[in-house]
Amino acid sequence: MTRDRRLAWINGLLLPLFNVLTAFLATAVVFLFIGVDPIEATKILIYGALGYDEGLGYTLYYATNFVFTGLAVAVAFHAGLFNIGGEGQAYVGGLGIALVALYIDPTLSAWLVIPLAISGGLLFGALWAIIPAYLQAYRGSHIVITTIMFNFLASALMVYMLVHVLREVGQMSPESRNFPEVVWLPFVHDVFARFGYNIAKSPLNLSILVALFFSLLVWFFLWHTRWGFAIRATGKSNDAAVYSGINPKKIIVVTMCISGALAGLVGVNELIGVQHRLFLNFNYGYGFGGIAVALMGRNHPVGILIAALLFGILYQGGAELDFELQNVSRDIVVVMQGLVILFCGGLEYLYRPLLIRFLAPIET
Amino acid sequence: MNDLLFNLILTLDASFRVCIPLIFASMAGLFAERSGVVDIGLEGKLLMSAFIAASAASVFGSPWIGLVAGMFASCVFAMIHGFASITYKGNQIVSGVAINILASGLTMILTLAWFKKGGITPTLQADERFLSITLPGVDIIDHIPIIGVIYRELISGHNILVYLAFAVVPLVWWVVYRTRFGLRLRAVGENPKAVDTAGLSVEGLRYKALLIGGILCGIGGAYIAIAHNAQFTKEMTAGQGFIALAALIFGKWHPYKVLAACFLFGFLDALALRLQGVVLPVIGEVPVQLIEAIPYLLTVILLAGFIGKAIPPKASAQPYIKEL
């Protein structure tokens with residue numbers, strides 16, 4: 001094998017693998033530190049997430065959210081942008097979904113209403129990303145900082161909307177009224193029941209198909225369309241993109257809109273899929289989780305599906321740990337997210353010098 | 001009239017209390033960013049330090065031990081950030097995000113493991129936390145109208161960390177603008193190559209800056225848990241690290257301007273709290289969320305260049321790669 005081939009192997013496969021393993025190892029150390037046997041914990045976790053119907057349903061349900069936010073972060077990464085605002089875009093996207101669901105004529109067909117609700121999420125998510133994108137492209141304000149600020153603005157906006165606008169009269173808790181049944185996405189167990197198969201009830205709903213559909217779409221868009229090429233070219237080299245006639249400013253705005261729109265889909269799963277109403281913090285943690293998913297999945301839809309599944313397993317398995325062991329709660333997943341972001345992102349090159357030295361030394 | 005004045009003083013007093021962590025955290029961010037390292041992990045460091053400070057103060061029964069432990073924890077996180085972003089030249093923003101998320105998860109896991117309670121530490125007794133100090137002469141000056149009230153409510157009656165915060169700002173200014181280290185710090189954030197050519201260590205300077213930031217963030221976190229409150233609670237920093245970041249930008253990376261921004265943001269926070277549910281003539285009920293959103297809005301507007309221009313240190317977010 002030539003040195004270039006070996007380097008490609010190291011960068012493409014070995015390095016990410018080593019990084020993920022290190023993150024797992026570090027989690028094991030945390031387990032040991034709090035006096036939990038990591039092997040025992042892993043067993044409980046895996047059984048809880050995959051061992052029975054209901055657990056599996058929950059796992060896939062959590063994974064669905066991570067697919068949306070993971071794709072959102074990945075699309076932005078391809079243009080060299082770091083969209084840290086997935087949290088806010090998911091939140092405001094939920095508002096778009098809820099507005100459609102609450103104010104649409106409930107006598108219309110579900111085939112019309114549900115796509116409209118989904119579009120509401122896409123649109124509002126994109127809207128929440130367009131201002132930071134515009135400011136980055138045309139005014140040079142750093143997108144990381146503006147999207148952080150927009151997360152907090154989203155939070156303030158949603159509290160305001162839920163407390164002052166959408167809350168039902170006489171209702172104490174800040175949440176909207178229930179959506180009409182026509183916008184509810186069917187649960188997977190109901191769909192199966194219709195065909196005569198009985199599976200355990202879980203929040204898993206047809207959003208998972210939406211997630212798969214958008215994964216495919218993102219893959220096709222990024223690697224098989226002109227726009228996708230322009231986005232990746234801008235991310236690789238701004239100058240080269242300019243020379244080939246691409247307008248990077250436009251690319252920034254378009255990419256961020258797509259990114260925000262994808263994040264805005266979290267509400268499809270949470271709101272019209274499961275809860276059937278709008279409430280505070282339904283998006284909690286998925287936006288940031290998306291960063292870990294995108295980093296772990298190397299910004300490729302297939303990688304993201306795998307990483308999202310892994311985080312789904314951790315979320316659901318973490319709930320099982322909570323239940324089974326006294327010393328640990330599902331927040332261990334948050335620790336693990338942090339470790340994945342640290343080792344797959346911040347410390348991405350940790351093993352590179354070592355691997356290059358042993359596997360692809362400079363030929364003299 | 002008197003009533004209004006008193007209300008104003010109380011609100012100002014509350015702003016003092018809430019802006020203290022902002023001051024410590026933004027000064028921490030100032031060192032990091034002036035050295036060319038973007039630090040969005042301020043929030044995580046505050047949270048970690050708040051938790052460790054509250055735990056140590058509770059276990060060892062002393063706020064001072066809590067303070068030192070909090071500073072230590074924050075420094076450990078600062079060094080992780082340094083290791084990733086300086087030594088391994090990783091993405092500084094990703095590393096900062098990792099620190100925030102890690103802090104959020106670890107505090108939850110460790111409260112449960114150490115104290116058997118999810119997300120909180122035991123309530124601290126009076127001698128385990130920093131209490132208000134009554135400055136000398138309150139009784140005498142109290143008789144003077146207005147000044148007496150101001151002295152009693154506003155100047156006296158804070159805990160030691162509050163006074164420390166106001167002492168830290170001029171100190172930071174002095175270090176950054178009047179010492180050799182400060183000159184090098186500013187140089188390394190603007191043009192690391194020049195610093196390198198002069199035979200100084202870019203990495204060493206950046207590590208030092210992060211370490212100072214770790215210490216300052218540590219004090220800020222400790223203030224939140226063992227001075228302003230009497231225990232650690234889940235996510236108790238509630239985005240103050242990000243507001244501090246906003247203040248840092250709003251103050252254009254200059255200590256006194258940053259202090260002013262911190263105070264403005266603190267005042268808005270205190271005002272929002274005071275105006276909760278208050279119905280004003282003409283306006284009607286004040287939408288508290290709007291007031292809470294002002295710091296973020298102002299920062300975005302400033303960043304957009306509509307009111308002045310915020311220009312960060314030139315080399316920020318760029319790892320320094322030495323040419324061979």
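How far apart do the C-alpha centres of domain 1 of chain A and domain 2 of chain A lie? The legends below begin with that view of the predicted model.

**Figure 1. The two domains of chain A in the predicted model.** Domain 1 of chain A is assembled from two stretches, 1-36 and 327-364, while domain 2 covers 61-326. Their C-alpha centres are separated by 28 Å. Contact between the two domains involves 15 residues of domain 1 and 14 residues of domain 2 of chain A. On the domain 1 side, helix 1 (3-33) and helix 15 (332-346) of chain A are the elements that give two or more residues. Helix 15 of chain A gives the most, with eight residues. This side of domain 1 comprises ten nonpolar, four polar and one charged residues.

**Figure 2. The side of chain A that touches chain B.** Here 39 residues of chain A are in contact with 37 residues of chain B. At least two residues each are supplied by helix 5 (110-139), helix 6 (143-165), helix 13 (286-296) and helix 15 of chain A. Helix 6 of chain A makes the largest contribution, eleven residues. By class, the chain A side holds 26 nonpolar, ten polar and three charged residues. For the model, ipTM is 0.89 and pTM is 0.90.

**Figure 3. Packing of helix 3 against helix 12 in chain A.** Two packed helices are described by the angle between their axes and the distance between the axes. For helix 3 (residues 53-78) and helix 12 (residues 266-275) of chain A, the angle is about 145° and the axes are 7 Å apart. Helix 3 of chain A contributes Thr64(A), Asn65(A), Phe68(A) and Thr69(A) to the contact, and helix 12 of chain A contributes Val266(A), Asn269(A) and Glu270(A). The contact contains two nonpolar, four polar and one charged residues.

**Figure 4. Helix 2 of chain B and the glycine that follows.** Helix 2 of chain B (residues 42-60) has 19 residues. From its first C-alpha to its last, helix 2 of chain B reaches 26 Å, close to the 27 Å expected at 1.5 Å a residue. The helix is mostly covered, with 17 of its 19 residues buried. Gly61(B), which follows helix 2 of chain B, has a positive phi, near 70°.

**Figure 5. Two loop residues with positive phi, Asn281(A) and Lys116(B).** Asn281(A) is located in the loop between helix 12 and helix 13 of chain A. Its phi is near 55°, a positive value in a residue other than glycine. Asn281(A) counts as exposed because it has 11 C-beta neighbours inside 10 Å, and the cut-off for exposed is 12 or fewer. In chain B, Lys116(B) is found in the loop between helix 4 (92-115) and strand 1 (132-133). Phi of Lys116(B) is positive as well, near 60°, again in a residue other than glycine. Lys116(B) is exposed, since 9 other C-beta atoms lie within 10 Å.

**Figure 6. Confidence along the two chains.** Chain A has a mean pLDDT of 90, and 99% of its residues reach 70 or more. Among the elements of chain A, the lowest mean pLDDT, 83, belongs to helix 16 (residues 352-359) and the highest, 96, to helix 8 (residues 207-224). Chain B has a mean pLDDT of 88, with 97% of its residues at 70 or more.

Notes: Residues are numbered from 1 along each chain as its sequence is written. Chains are lettered from A and ligands numbered from 1 in the order in which they are written. This is a predicted model: local features need pLDDT of at least 70, side-chain atom pairs count only at pLDDT 80 or more; totals for chains, interfaces and linings use all residues. Domain bounds come from an automatic or database domain assignment. Two residues are in contact if their C-beta atoms, placed from the backbone, lie within 7 Å. Helices (H or I, at least four residues) and strands (E, at least two) are DSSP runs, numbered from the N terminus. Ala, Val, Leu, Ile, Met, Phe, Trp, Tyr, Cys and Pro count as nonpolar, Asp, Glu, Lys and Arg as charged, and the others, Gly among them, as polar. pLDDT is the predictor's confidence in each residue, from 0 to 100. Axes are lines fitted to C-alpha atoms, for helices over the stretch in contact, and angles run from 0 to 180 degrees between N-to-C directions. The expected span of a helix is 1.5 Å times one less than its number of residues. A residue is buried if 20 or more other C-beta atoms lie within 10 Å of its own, exposed if 12 or fewer, and partly exposed in between; C-beta atoms are placed from the backbone.
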